[in-house]
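Me: Could you walk me through this structure? I have not seen it before.
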Amino acid sequence: MNTRGPRQLLAEVQQPGLCIGCGSCVELCPYFRSHGGKTVMLHDCDLPEGRCHAWCPKTELDLENLAQELWGAPYSSRGMGPHLAVVAAKAGPRLEAGSYQAGGTVSALVCAALEQGLVQGAILTGGRGLDTAPTLATTLEEVTACAGSKFTAAPTLAALNRAQAQGCGPLAVVATPCQATALAQRRAKPWPQRGAAGPVELVIGLFCNWSLDPQGLASFLAQRVELDSIRSMDIPPPPAGVLQVQTTDGSLEIPLDDIRDLIPTACAICPDMTSEWADLSVGMYEGRPGWNTLVVRNEKARALTEAAVEAGWLVVEEFPQANKEHLVFAAQGKRSRNLGAALAQGLLGVSGEEQPKALRVSPELYQVVESGEVA
Amino acid sequence: MQGQRRTMMGNQAITQGALEAGVRVAAGYPGTPSSEIIQNLAGAADEHGLYVEWSINEKVSLEVAAAASLAGLRSLCAMKQNGVNVASDFLLHLAGSGIRAGMVLVHCDDPGALSSVNEGESRHFARMLELPQLEPSDFQEAKDMTKWAFELSEEIGNVVMLRSVTRLSHASGGVVPGPIPQAQGKARFDHHGTLLDKGHGPVSSSPVTYKHRLQQEKLARAVELFEDSPFNSYVGPEAPELLVITSSICNLYVKEALALLGAADRVGVLKLGTTWPLPPKLLQRNLERCGQVLVVEEVIPFLEENVKIAAAEMAGEIGAKRFFGKRDGTIPAQGELNPDIVLGALASILDIAYQARPEEYDRLAQELSPQATQDRELAFCPGCPHRASFWSLKEALALDARDGFICGDIGCYSLAMRPTGFGMLKTLHAMGSGAGMASGFGQLGRFGMDQPVMAVSGDSTFYHAVIPALINAVHQKSPMSLVVLDNSGTAMTGFQPHPGTEANALGQSVPPVDIEAICRSLGAEVTVCDPFDLEATQAAALALLADQATAKVLILRQLCALSPQRKGAKPYEMRVDPEKCLGDQCGCNRLCTRVFGCPGLAWEKQSGKARIDEVICAGCGVCASVCPQGAIIKSERA
């Protein structure tokens, strides 16, 4: 499985700037910690194999192997990952209006899962302004307190590792594609020496095109606003093309072109836009403010969605076919661009090779990427 | 006890000599190998009516001793080799002004740097500042020469320098003590005469050229006395093949080497006790004996160069000589000497086939030593607060992730250059230099340097030389952080009191000078933390690193593990729960024994678990916070 140790993790992920700071390796052990948006190693660890390396989404991510293990199907260059349905969704009457961003679908699903007893808690990304605080929420109030989008990478999975060490579970995790990928690595490469399967029962994935480097964004914004005055941020659907920053004094719009340099290298090799490895995926609904796109990927997800609707947490409507085609087109576009970028940087390989690689695909897909014929 | 031969440590012999000379005031700053001199005199203070102090630094100690001399009391000042550098500015001026009652500066060099971060040569100060230099070569001489040094000082009216080395100060030998006189005489500083009246006028090195001439006349008078000094002696045949000129403890090495070689009848040894200025007549008499000269001394070729200058000046009378020594590589110019090294030099010059250490011996020693002795790194003691402090500083600098670093300073914590302190110190020089260098590094942001800088200082070092550096950093707005590792005593040299302690060298109660209040009064932001609280210390260190606007101070206060104030008590009973210990598994990988590295923690290979070594453990409880599993359990002792 090409699992190596923490020293190799540093060499393969940290040093080349591929660490996205998802928190997968953080607080699994005393060595890796997250601070100010960066994952750092406090002390040297010389283990030849470790969970930090095995579960990292940015090294030895064997997409073909993961797809076979978790989906029972090959990893395809097309589509947006397995799913049963795509629907339009928004929070129902049970969720207090104004307490969520966009459609509030994520908060609604988490509340429903908690109320149903499907999970005992949820790993969320809280924090005000630029701050990202990995959080274990166990009450509905704690869930809504975390509502709102973050546009910087966050070490959310550190909270999962902490909760697991304390014996919490079963848990839901609201994850970006990189975080959902790290959780898929966990399922595919369990670590039986350190106990049974983890406590993750439900993964609610988020759509993501790219994120922003937390320290980079902080220095960028510090030149324009008082950082302490930032209340929230949003990127409205195209064609707006801006990052809106709400401060206690008003709001500020920053053209996305001005902040593209703050996108971490790690995002440029990510093939996943819709959190394909999650149970459900949620994103914005272009052209319909106040609504989300909800991708229901498996039976568990379908059951939760239905229960959430029934309990009044969620409202769903049909999602137009044209919009779905547009979504698939965008997902394929990201996959194609970024597998190509990985290949160009020498980071793409095929399963079974010795040489360390960030990403692996089947030899067939590798050829497709090499020929530039990806969708 | 008087008259009976006793075994004394070199520093004790020096103390005895000073007492026999009727010393009344002594001052110094602790520094190996000199510390026991002031310590012993403090112990004798009550009985003999002395005033003894541990001064804030060497310069002040010399000033304190000089004051006594000017008031008519014999005084002694003691320090280690580099202490003379600190005191040298005052010493230069004092040498110019001259003194009144006998005053001796004992300076103890540390060849091989056994307890130093330098092997500085302090004899050069005698030549540079034009003061007489004495060097005892054994324990009896250490006592006798110290006593005589006071007489010499009074005879010439200037300070006399007396140099010891580690192997004399810290080794022991036979000494016959003499009587100690009753303390007498009232202290009084007479200053009503004219500026030129050396006995009654104001004391200064000015008018300079006049006083300088007087100083040189004093030195010339010393040379006259040196010509007949019993501390210089020649042993050997009238016309030897080789003349060895040596001083200090090296005389013993030479004696031993000659005895082993059986070459005493071929080699003459001129042992010099008065090494600056050299007495020319004595030198000429001995240089005339033969054509070959070997100079045996430690560290820098001080004696060798002075002998060569003298030999050149008298070349018309004695002819050209062939010299062996450090300049031609016969004797190494670094590290300590020993009889083997001297033996090698003599054997090669005399063409005697003799191997000091046969190859077979070395081979056997290498073969056997791993079984006989365990290879050990120098390490912080079990329960040392410094280990905990550097652990938190290391984590804070790692979390900060800007490749920040720490400028080190002088004390036990200098060991943090090594693995025991996680290699955290990246510069290490003189007392107070950590803060001074950090003040400088802090200014380099304007040139693109984006690494944060910290300095560490012990409490004693803080008073000694850090305060000016901190004032500089505050005044120049240098964004550095000073971490004062306050273990409440001069731990490294044996818990001598310092201005922060509540008792002085004489055991009298004195007002402690508050480091925190000093720092605040300078305008520095100050945080105080217990280094055993790892979480709070890490947070405090991170806060320092985050604020890059000004100079800041973090005081990490926790009593040294060996402090007499602890009375050997263990605050906590420690144990490892083997059920919880993860050992070398992923999730821990022996963090406590492999990384934290307290000697009180042992790794049980067989069970794959950590264990507390109860004999060694000091019960500080810190490892309970280090363990990621909560497997190390601390319980309050009943």
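Reply: One definition is useful at the outset: helices are DSSP runs of H or I with at least four residues, numbered from the N terminus. In that numbering, α4(B) is followed by Gly98(B), whose phi is positive, near 80°. Please keep in mind that this is a predicted model.

Me: How many helices and strands does chain B have?
Reply: Chain B has 21 helices and 24 strands.

Me: Which residues make up α4 of chain B, and what span should they have?
Reply: Helix α4 of chain B covers residues 81–97. Its 17 residues should span 24 Å at 1.5 Å a residue, and the end C-alpha atoms are 23 Å apart, so the two values agree.

Me: Where is the kink in α4(B) centred?
Reply: The kink in α4(B) is centred on Ala87(B) and amounts to about 60°.

Me: Which residues of α4(B) are buried?
Reply: The buried residues are Gln81(B), Asn82(B), Gly83(B), Val84(B), Val86(B), Ala87(B), Leu91(B), Leu94(B), Ala95(B) and Gly96(B). Ala87(B), where the kink is centred, is thus one of the buried residues.

Me: And what covers them?
Reply: The cover over the buried residues of α4(B) includes three helices of chain B, namely α3 (58–70), α5 (124–129) and α8 (208–227). It also includes the strands β4 (75–80) and β5 (103–109) of chain B.

Me: Let us step back to chain B as a whole. What is its radius of gyration?
Reply: Chain B has a radius of gyration of 28 Å. A compact globule with 638 residues would have a value near 26 Å, so chain B agrees with that expectation. Along the principal axes, its C-alpha atoms fill a box of roughly 85 × 70 × 60 Å.

Me: What share of its residues is buried?
Reply: Buried residues make up 50% of the 638 residues in chain B. As for contacts with a separation of 6 or more, 79% of those in chain B are between residues 24 or more positions apart.

Me: Which domains does chain B have?
Reply: The domain assignment gives domain 1 (6–178 + 190–227), domain 2 (233–350), domain 3 (385–566) and domain 4 (572–636). The C-alpha centres of domain 1 of chain B and domain 3 of chain B are separated by 32 Å.

Me: How many residues do those two domains bring to their contact?
Reply: Domain 1 of chain B gives 16 residues and domain 3 of chain B gives 17 residues. On the side of domain 1 of chain B that touches domain 3 of chain B, α2 (35–48) and β3 (51–54) each supply at least two residues. The largest share of that side, five residues, comes from α2(B). By class, the same side of domain 1 of chain B has nine nonpolar, six polar and one charged residues.

Me: What about the contact between the two chains, A and B? How many residues does each give?
Reply: Chain A gives 17 residues and chain B gives 12 residues. On the side of chain A that touches chain B, β1 (32–35) and β2 (38–41) of chain A give two or more residues each. The largest share, three residues, comes from β2(A). The residues on this side of chain A divide into nine nonpolar, four polar and four charged.

Me: Last topic: how is chain A divided?
Reply: Chain A is divided into domain 1 (6–211 + 263–371) and domain 2 (214–262). Their C-alpha centres lie 24 Å apart. The contact takes 16 residues from domain 1 of chain A and 17 residues from domain 2 of chain A.

Notes:
Residues are numbered from 1 along each chain as its sequence is written. Chains are lettered from A and ligands numbered from 1 in the order in which they are written. This is a predicted model: local features need pLDDT of at least 70, side-chain atom pairs count only at pLDDT 80 or more; totals for chains, interfaces and linings use all residues. Domain bounds come from an automatic or database domain assignment. Two residues are in contact if their C-beta atoms, placed from the backbone, lie within 7 Å. Ala, Val, Leu, Ile, Met, Phe, Trp, Tyr, Cys and Pro count as nonpolar, Asp, Glu, Lys and Arg as charged, and the others, Gly among them, as polar. The expected span of a helix is 1.5 Å times one less than its number of residues. The bend at a residue is the angle between axes fitted to the seven residues ending there and the seven starting there. A residue is buried if 20 or more other C-beta atoms lie within 10 Å of its own, exposed if 12 or fewer, and partly exposed in between; C-beta atoms are placed from the backbone. The radius of gyration is taken over C-alpha atoms; the globule rule is 2.2 Å times the number of residues to the power 0.38.
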